Amino acid sequence: MEYCVFGTDGFGYDPSDPRRRLGESLVVIKGGGEIAPGDEEGSAPSAGILPRPGQEDFAAWVLANVEQAMAVGDLQIYLQPKIDLQKTMVSSAEALMRWHREDGSTLLPMDFLPILEEHGWMEALDFCGLKQALVFLKDVLDKGEFPIPISVNFSGQYMEKGEFAQRILALRKEYGIPAWLLEVELSQESLLMQKEKIREPVEKLREAGIRVVMDDFGKGYASPYLLTEFPSDIIKIDQELVSKIEEAKLRNPVMSHIITMLRELGFVVIAEGVEDAACARAFRELGCHLGQGYYFAQPMPVRDFAAFCDGFDGRAWEWGL
């Protein structure tokens with residue numbers, strides 16, 4: 001079963017809506033336009049305190065509620081921009097899941113993804129996120145605005161299924177989204193563990209014009225092998241390496257050689273986990289194409305993304321680039 005339910009305008013949570021729950025979670029408008037109980041302005045959440053990550057009953061709560069969360073829109077994509085370090089502009093964005101709960105709390109991917117992956121829920125969740133990204137892109141195109149590519153994460157858990165690529169291509173066609181606006185992001189570990197099973201579907205995506213992103217590059221020892229053995233277009237350097245850029249042993253000459261090698265092989269290179277101006281400046285000087293991290297922006301609701309892009313150029317000077 002597939003899920004992708006939004007609010008009345010197609011995007012669920014509204015950060016400007018005064019009828020907000022306490023905390024980070026925002027009111028969700030049900031598909032029929034009905035406001036959920038307890039959402040009246042100034043009211044407290046109707047639910048009691050729910051299990052928290054790390055508590056004994058948390059995993060059971062996640063598994064008992066994930067189907068409903070996808071159905072009513074409590075699981076929503078947030079967008080984190082990727083910045084062109086050379087041109088100082090928004091280049092693309094990554095879709096990342098957030099789970100808004102009835103008690104006002106918000107779960108991050110690290111809280112629930114391991115549980116869902118262990119119990120076989122990743123396919124439904126990934127395609128829910130894909131549909132939300134496609135709806136966002138369609139809305140941008142319908143408004144006549146200039147879109148930017150969105151990358152969607154997929155688990156390697158189910159990619160050996162023959163219909164993986166076909167489902168993505170069919171959904172892209174259904175929503176009328178040009179192939180260049182969609183990127184499929186896969187972890188280095190997934191590519192290594194499933195390389196023989198998912199090579200064919202990934203090649204089909206690339207042949208159709210959808211770019212493939214290799215995430216976590218540099219984690220472990222298999223990266224150089226994957227560069228020659230697995231088809232991809234964009235390489236995202238692992239955030240642990242990025243965070244150590246100011247250490248001389250990584251900056252000179254190791255990181256410089258890594259980026260130079262990737263560029264010469266024709267990859268677009270992304271530094272993930274850019275947390276400060278010094279890190280952003282260092283990767284720009286080393287020739288890295290894109291940067292992503294909290295220094296530029298945290299993941300944000302889709303409603304906030306257009307305004308962020310519109311105001312980005314005027315704020316570039318604040319980052320000392």
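**Exercise 1.** In which strand does Asp216 lie? State also whether Asp216 is buried or exposed.

*Solution.* The model is predicted, and every value below is computed from it.
Step 1. Asp216 belongs to strand E6, which covers residues 211-217.
Step 2. The relative accessibility of Asp216 is 18%. Buried means under 20%, so Asp216 counts as buried.
Step 3. The backbone of Asp216 has a phi near 65 degrees, a positive value in a residue other than glycine.

**Exercise 2.** Describe the largest pocket by its volume, its lining and the residues closest to its centre.

*Solution.*
Step 1. The largest pocket holds about 1,500 Å³ of space.
Step 2. Its lining is made of 48 residues, and Pro109, Leu113, Asn153, Asp215 and Asp216 are the closest to the centre. Asp216, the buried residue of Exercise 1, is thus met again here.
Step 3. Sorted by character, the lining of the largest pocket has 20 nonpolar, 15 polar and 13 charged residues.

**Exercise 3.** Find which elements give two or more residues to the lining of the second largest pocket, and which of them gives the largest share.

*Solution.*
Step 1. About 530 Å³ of space lies in the second largest pocket.
Step 2. Its lining has 25 residues; nearest the centre are Val90, Phe146, Pro147, Ile148 and Cys309.
Step 3. Two or more lining residues come from each of strand E2 (89-100), helix H3 (122-142), strand E8 (268-272) and helix H11 (302-315).
Step 4. H11 supplies the largest share, six residues.
Step 5. By character, the lining of the second largest pocket divides into 17 nonpolar, two polar and six charged residues.

**Exercise 4.** Place Ser91 in the structure and list what Ser91 contacts beyond its neighbours within four places in sequence.

*Solution.*
Step 1. Ser91 sits in strand E2.
Step 2. Its relative accessibility is 26%. The partly exposed class lies between 20% and 50%, so Ser91 counts as partly exposed.
Step 3. With those neighbours left aside, Ser91 is in contact with Lys82, Asp84, Ile148, Pro149 and Leu290.
Step 4. Pro147 is 56 residues from Ser91 in sequence, and their C-alpha atoms are 9.9 Å apart in space.

**Exercise 5.** Where does Thr88 lie, and is Thr88 buried or exposed?

*Solution.*
Step 1. Thr88 is found in the loop between strand E1 (75-84) and E2.
Step 2. Thr88 has a relative accessible area of 17% and is therefore buried.
Step 3. Phi of Thr88 is near 50 degrees, again a positive value in a residue other than glycine.

**Exercise 6.** Identify the residues of the largest nonpolar core that touch the most other members, and then follow the contacts of Phe154.

*Solution.*
Step 1. The core has 88 residues, and Phe154, Ile168 and Phe283 touch the most other members.
Step 2. H3 contributes the largest share of this core, twelve residues.
Step 3. Beyond residues up to four places away in sequence, Phe154 touches Asp126, Phe127, Leu130, Met159, Phe164, Ile168, Val184, Glu185 and Leu186.

**Exercise 7.** Summarise the chain as a whole: its elements, its buried share and its exposed area.

*Solution.*
Step 1. Eleven helices and ten strands make up the secondary structure.
Step 2. The chain has 321 residues, and 54% of them count as buried.
Step 3. About 14,700 Å² of the chain is exposed, with 51% of that area supplied by carbon and sulfur atoms.
Step 4. Of the contacts between residues at least 6 apart in sequence, 68% join residues at least 24 apart.

How values were computed
Residues numbered from 1 in each chain as written. Predicted model: local features only at pLDDT ≥ 70, side-chain atom pairs only at ≥ 80, totals over all residues. Heavy atoms only, no water. 1 Å grid on protein atoms, 1.4 Å probe; cavity = no way out; pocket = protein on both sides within 12 Å on 5 of 7 lines; lining within 4 Å. Points joined across faces, edges and corners; volume = space filled by probe spheres on them. Nonpolar A, V, L, I, M, F, W, Y, C, P; charged D, E, K, R; others polar. Helix = DSSP H or I, 4+ residues; strand = E, 2+ residues; numbered from the N terminus. Core = buried A, V, L, I, M, F, W, Y, C linked by side-chain atoms within 4.5 Å. Buried < 20%, exposed > 50% of the residue type's maximum accessible area, 1.4 Å probe, protein only. Contact = heavy atoms within 4.5 Å. Areas by Shrake-Rupley, 256 points an atom, 1.4 Å probe, with all protein chains shown as cover.
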